[in-house]
Amino acid sequence: MRWKHKGKSQTGLILATLVLLLNAMGVGLAAWQEGLVMKGTVATGEIDPVFTRCEVAGESCAPSRARTWIVDGGKRLILEVQDAYPGYYVRFRYRVANLGTVPVRFVAEAHSANPAILIDLTQPTGIIDGRGNYLEGDLSLTVGAAEECKDYCFSVCLSFQQWNAGKLLQLHLPKGVGVATGE
C-alpha cells in the first residue's frame, strides 16, 4: 500500500512541475514577443503627370504666329497667338508623360474668355503607365469674329486621377491663372 501512495504523489509532483514549466515558458514567450519590434517601409507610389512637349503642328499662315511653352513644373501649357485675324487657324500637338509610378488618367482643359476664339481639344484616351510613358493629343484654335492684329494667350491645365479612382483631381492654380485672355 505504501508504494501506491508514493506513486500518486510522484505523478502529482511531475504534473505540477510540468504545469509550472509550461506556465513559465508561456510567460517567457509573451515577454519575448512584447519586446519584438518590426520596422519596415510601405511605398504606395507617386502620381506625376506633366506636359513634356507642345509644338505647332500646322497653321493657316506663314511665318508662324503661334508659340508655346510649358510652366508650373509641367502642369500647365501657355499658348500664344500674335497678330491674330478672323479665320486664323492653328493646331498644336502636345504630349503628357507620367513621371510617377502609379498609372493615371488625365484630361487637358483649355478655357477661352473670348467667345470669338474656338478651342477644340482632342484628348488621348487610355491610361498612362508610370515611369515616363506618355500619350499625345491635339488642340486646335480658330479665330472667329475677333479683332485683327491682337495677341491672344491661353492656358491649358491638367486634371488627373489614379487610373482606378473615381473622381478627377483638379490642379488648383492661383486666381486668374489658367483662363484665356484676349489682349
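Biologist: Let's say a contact means heavy atoms within 4.5 Å. In this predicted model, among contacts between residues at least 6 apart in sequence, what percentage join residues at least 24 apart?

Modeller: Start with the elements: the protein chain has 1 helix and 10 strands, and the helix comes first from the N terminus. Now take the contacts between residues at least 6 apart in sequence; the share that joins residues at least 24 apart is 73%.

Biologist: What is the strand order in the open sheet of 4 strands?

Modeller: Let's build it from the pairs. Strand β7 (residues 134-143) pairs with β4 (residues 89-98) over 9 bridges, and β6 (residues 117-122) pairs with β7 over 6 bridges. Both pairings are antiparallel. Add β1 and the order reads β1-β4-β7-β6.

Biologist: Which strands sit at the edges of that sheet?

Modeller: An edge strand here pairs on one side only. β7 is out, with β4 as one partner and β6 as another. That leaves the two ends of the order, β1 (49-59) and β6.

Biologist: Which residue of β7 stands opposite Arg91?

Modeller: Further along β4, Arg93 faces Asp138 in β7. From β6, Asp120 has Ser140 as its bridge partner. Arg91 also lands on that β7 residue, Ser140.

Biologist: And how much of the accessible surface belongs to carbon and sulfur atoms?

Modeller: Buried residues, those under 20% relative accessible area, make up 29% of the 183 residues. The accessible surface totals about 11800 Å². Carbon and sulfur atoms account for 58%.

Methods: Residues numbered from 1 in each chain as written. Predicted model: local features only at pLDDT ≥ 70, side-chain atom pairs only at ≥ 80, totals over all residues. Heavy atoms only, no water. Pairing = 2+ DSSP bridges. Buried < 20%, exposed > 50% of the residue type's maximum accessible area, 1.4 Å probe, protein only. Areas by Shrake-Rupley, 256 points an atom, 1.4 Å probe, with all protein chains shown as cover.
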